[in-house]
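User: Please take a close look at a single part of this structure, and then set that part in the context of the rest of the chain. Please explain each technical term where it is used.

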Amino acid sequence: MSEEIKKFKVTIDGQTTEVLPGTSILEAARQIGGKSVPPAMCYYSKLETSGGRCRTCLVEVSKGSEADPRPMPKLVASCRTGVMDGMEVKNLTSEKAQEGRKAVTEFLLINHPLDCPICDQAGECHLQDLGYEHGVEGTRTEFERNTYDADDIGPYIKLNMNRCILCARCVLAANQLTEKREHGILFRGDHAEISTYLNKALDNDFIGNVIDVCPVGALTDRTARFASRVWFTKPVNATCKCEKCSGKAVLWMKGDEIVRVTARKDQYDEVQDWICNECRFERKDPKYWSIEGPRHIDRHSVISLNHYEKPKDYYRQLDNPDAIEIAKKDEEKIENNN
Ligand code: SF4
Ligand code: FES
């Protein structure tokens, strides 16, 4: 008879859940859901060893565990910190964590161009959402920014290194989904950049998925570049007969035209089923697809709201009075700044 594994109790922003040992704080927060889930720019549950690079998921651990209740001295990356039994974590209820996230956002935006008006990722960009929620007006630094020329890596993918935040998701996706490793992060520190080895083109059957895992507009679909702003297109669930992948995709339609094809993603913007290059780039004719119906995009971003406003269900699942108090203060601050 198998022994039952004892679950750990963890409380995040006053909401308690039980998880298996080895679960990260971020995954425990996702189990609770709502606004207590920290944002994640580099962690991707479908990719092994992802996380620990961007620090957007910082949280405060106010109680280490039942056995050792001392708080952790510094903010921790929730995607890489495992829960302990009796742990208490503050995300939305921690001003320190909110301040830390603001600083990380400022840092991520230091070299990032403010080119949302001409970026294909606008409307579904995690950095845009992060900047909207935690960004500061203006800049405190004056120096020459790192700039790079846009590059075609392979027949289907455009790399705009200017926008890359070096989360490494694309490198992990390429390593874990395809048989050949042809690109990676070259150099170190602020010279680090994504590049193909020996100028090899990325032509593996599943390489198009790097576009979907990229949280910003650094990797975009060359077959759909500048075709339409994402909020002018209608996402529909569709399937096709495919021998290489599940054939389950989302078609982004403008009238009868298929502007772009992507994988289906969950509320954390993580791909549910990887799709092959043929489905993504070659099947732009509706004759290939059976349309199932409209795709509901369950993300708090422009793409699901269709406008730049706070979602109406902002306080959804915030039954903790401290969390509501902080969220209200946050909202007042934004209103006073407008
Ligand atoms: S190109 Fe995109 S996915 Fe790759 S490291 Fe840069 S930001 Fe991350
Ligand atoms: S999501 Fe945790 S460090 Fe990037």
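Analyst: **The annotated span and its surroundings**

In residues 96–135, 55% of the span is helix and 0% is strand, and the C-alpha atoms at its two ends lie 15 Å apart. Helices (H or I, at least four residues) and strands (E, at least two) are DSSP runs, numbered from the N terminus. An unreviewed UniProt entry gives residues 96–135 the feature "domain: 4Fe-4S His(Cys)3-ligated-type". UniProt positions follow the numbering used here, feature names are shortened, and annotations may be inferred rather than shown by experiment.

This is a predicted model, in which local features need pLDDT of at least 70 and side-chain atom pairs count only at pLDDT 80 or more, while totals for chains, interfaces and linings use all residues. Residues are numbered from 1 along each chain as its sequence is written, and chains are lettered from A and ligands numbered from 1 in the order in which they are written.

For the protein chain as a whole, the secondary structure comprises eight helices and 14 strands. The chain has 338 residues, of which 37% are buried; a residue is buried if 20 or more other C-beta atoms lie within 10 Å of its own, exposed if 12 or fewer, and partly exposed in between, with C-beta atoms placed from the backbone. Of the contacts between residues at least 6 apart in sequence, 63% link residues at least 24 apart, where a contact requires C-beta atoms, placed from the backbone, to lie within 7 Å.

One example of contact across the sequence involves Lys46, which lies in the loop between α1 (25–32) and β3 (58–63). Beyond its neighbours within four places in sequence, Lys46 is in contact with Glu270 and Val271. Lys46 and Glu270 are separated by 224 residues in sequence, yet their C-alpha atoms are 7.5 Å apart. Lys46 is classed as partly exposed because 17 C-beta neighbours lie inside 10 Å.

β3 takes part in two pairings, and strands are said to pair if DSSP finds at least two bridges between them. Two bridges join β3 to strand β4 (residues 76–77) in the antiparallel sense, with Val59 opposite Val76. Strand β5 (residues 87–90) is also antiparallel to β3, through three bridges, and here Glu60 stands opposite Lys90.

Ligand 1 is surrounded by 14 residues, the closest being Cys164, Cys167, Cys170, Cys214 and Ala218; a residue is counted if its C-beta atom, placed from the backbone, lies within 6 Å of the ligand. The shell consists of 13 nonpolar residues, no polar residues and one charged residue. In this classification Ala, Val, Leu, Ile, Met, Phe, Trp, Tyr, Cys and Pro are nonpolar, Asp, Glu, Lys and Arg are charged, and the others, Gly among them, are polar.

Turning to the sheets, β6, β7 and β10 form an open, antiparallel sheet of three strands in the order β6-β7-β10. Its edge strands, β6 (151–153) and β10, each pair on one side only. Neighbouring strands of this sheet are turned by 35 degrees against each other on average, direction ignored; the axes are lines fitted to C-alpha atoms, and angles run from 0 to 180 degrees between N-to-C directions. Three bridges connect β6 to strand β7 (residues 157–159), and Ile153 has Ile157 as its bridge partner.

A further open sheet has four strands in the order β13-β12-β11-β14, again with antiparallel pairing. β13 and β14 (290–294) are its edge strands, each pairing on one side only. The twist averages 40 degrees from one strand to the next. Six bridges hold the β11 and β12 pair, in which Asn237 is partnered by Val250. Strands β12 (residues 248–254) and β13 (residues 257–262) share five bridges, and Trp252 stands opposite Arg260. Two residues separate β12 from β13 in their hairpin, where Gly255 has a positive phi near 65 degrees.

Positive phi values also occur in two residues other than glycine. Asp13, with phi of about 50 degrees, lies in the loop between β1 (8–12) and β2 (15–19). Phe226, with phi near 60 degrees, lies in the loop between β10 (219–221) and β11 (234–239). Asp13 counts as buried because 25 other C-beta atoms lie within 10 Å, whereas Phe226 counts as exposed because 9 do.

Methods: Two residues are in contact if their C-beta atoms, placed from the backbone, lie within 7 Å.
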